[in-house]
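Here is a relaxed walk through one protein model, for anyone meeting it for the first time. Have a look at it below, and then we'll go through some of its parts.

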Amino acid sequence: SWPIRGSVTHYYGSKIDRVKNKGINIRASEGASVKAAKSGKVVFCDEWLKGIGKTVILDHGENFQTVYAYNSLIMVNVGDVVDQNAVIAKTGRGGRAKEPSLHFEIRHNGEPQNPFYYLSR
């Protein structure tokens, strides 16, 4: 499911400051709740990842992971198991974000995938 409601401002493969977008960026209100797109285990949390700021990565099994970045607050810890739609972070302006938004990626076998192939419309 979608991790947040909002309009997509940058699509998979578009360039942001000459860097190829490996996911999508979704505009949202500052501090809006970011939800787990699917249930999984928190395998990574970082307060300042270069270019994308406060970041959470969930592992969903079957070599799938989701990445949630540009956050203002991380609400989970490495090792936590979360249900689909559980609040894991709050949106912000981290990294390259020029406005409050969420950077969202889906990875399969470590390779970025176009999220639109997986998200319901």
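## Two loop residues

Let's start with E62, which sits in the loop between strand 7 and strand 8. Keep in mind that this is a predicted model. E62 isn't a glycine, yet its phi is positive, at about 50°. Is E62 buried or exposed? With a relative accessibility of 69%, E62 counts as exposed, because the bar for that label is over 50%.

N109 is another residue other than glycine with a positive phi, in this case near 55°. You'll find N109 in the loop between strand 11 and strand 12, the latter covering 111–113.

## Into the core

Now for the inside. The largest nonpolar core has 24 residues, and I24, L58, Y68, I88 and F104 are those with the most contacts inside it. Which strands each supply at least two residues of this core? They are strand 4 (24–27), strand 7 (53–61), strand 8, strand 10 and strand 11. Strand 11 gives the largest share, three residues. There's also a second, separate core of five residues, with I16, I52, Y70 and A97 among them.

I24 is worth a stop. Its place is in strand 4, and its relative accessible area is 0%, so I24 is buried. Setting aside neighbours within four places in sequence, I24 is in contact with W2, V8, H10, Y11, Y12, L102, H103, F104, P115, F116 and L119. From I24 to T9 you count 15 residues along the sequence, and their C-alpha atoms are 7.6 Å apart in space.

T91 is a residue of strand 10, which runs over residues 87–91. T91 counts as buried because its relative accessibility is 0%. What does the side chain of T91 reach at 2.6 Å? That would be the backbone oxygen of S29. S29 also turns up among the residues that T91 touches, once those up to four places away in sequence are left out; the others are I4, A28, E30, G31, A32, V34, Y70, N71, S72, S101 and L102.

## Two pockets

Next come the open spaces. Rolling a probe the size of a water molecule over the atoms shows where empty space is left.

The largest pocket holds about 230 Å³ of space. It is lined by 13 residues, and K38, F64, T66, I106 and Y118 are the closest to its centre. Two elements give two or more residues to this lining: strand 8 (64–74) and strand 11 (101–108). Strand 8 has the largest share there, with three residues.

The second largest pocket has a volume of about 200 Å³. Its lining is made up of I16, V19, K20, N21, K22, K50, I52, Y70, R96, H103, E105 and R107. For this pocket, strand 3 (19–20) and strand 11 are the elements that give two or more lining residues, and strand 11 provides the largest share, three residues.

Here is how the two linings divide by residue kind:

| Pocket | Nonpolar | Polar | Charged |
|---|---|---|---|
| Largest pocket | six residues | five residues | two residues |
| Second largest pocket | four residues | two residues | six residues |

Some names come back along the way. I16, I52 and Y70 line the second largest pocket, and I16, I52 and Y70 are also part of the second core. H103, in contact with I24, is another residue of that pocket's lining.

Terms used
Residues are numbered from 1 along each chain as its sequence is written. This is a predicted model: local features need pLDDT of at least 70, side-chain atom pairs count only at pLDDT 80 or more; totals for chains, interfaces and linings use all residues. Side-chain values use heavy atoms; hydrogens and water are left out. On a 1 Å grid over the protein atoms alone, a cavity is a set of points where a 1.4 Å probe fits but cannot get out, and a pocket is an open set with protein on both sides within 12 Å along at least five of seven lines; lining residues have an atom within 4 Å of a point. Grid points are joined across faces, edges and corners, and a volume is the space filled by probe spheres set on the points. Helices (H or I, at least four residues) and strands (E, at least two) are DSSP runs, numbered from the N terminus. Ala, Val, Leu, Ile, Met, Phe, Trp, Tyr, Cys and Pro count as nonpolar, Asp, Glu, Lys and Arg as charged, and the others, Gly among them, as polar. Buried means under 20% relative accessible area, exposed over 50%, partly exposed in between (1.4 Å probe, protein chains only). A polar contact is a pair of N or O atoms within 3.5 Å; within protein, one must be able to donate a hydrogen and the other to accept it, and residues adjacent in sequence count only if both atoms are side-chain atoms. Contact means heavy atoms within 4.5 Å. A nonpolar core is a set of buried Ala, Val, Leu, Ile, Met, Phe, Trp, Tyr and Cys residues joined through side-chain atoms within 4.5 Å.
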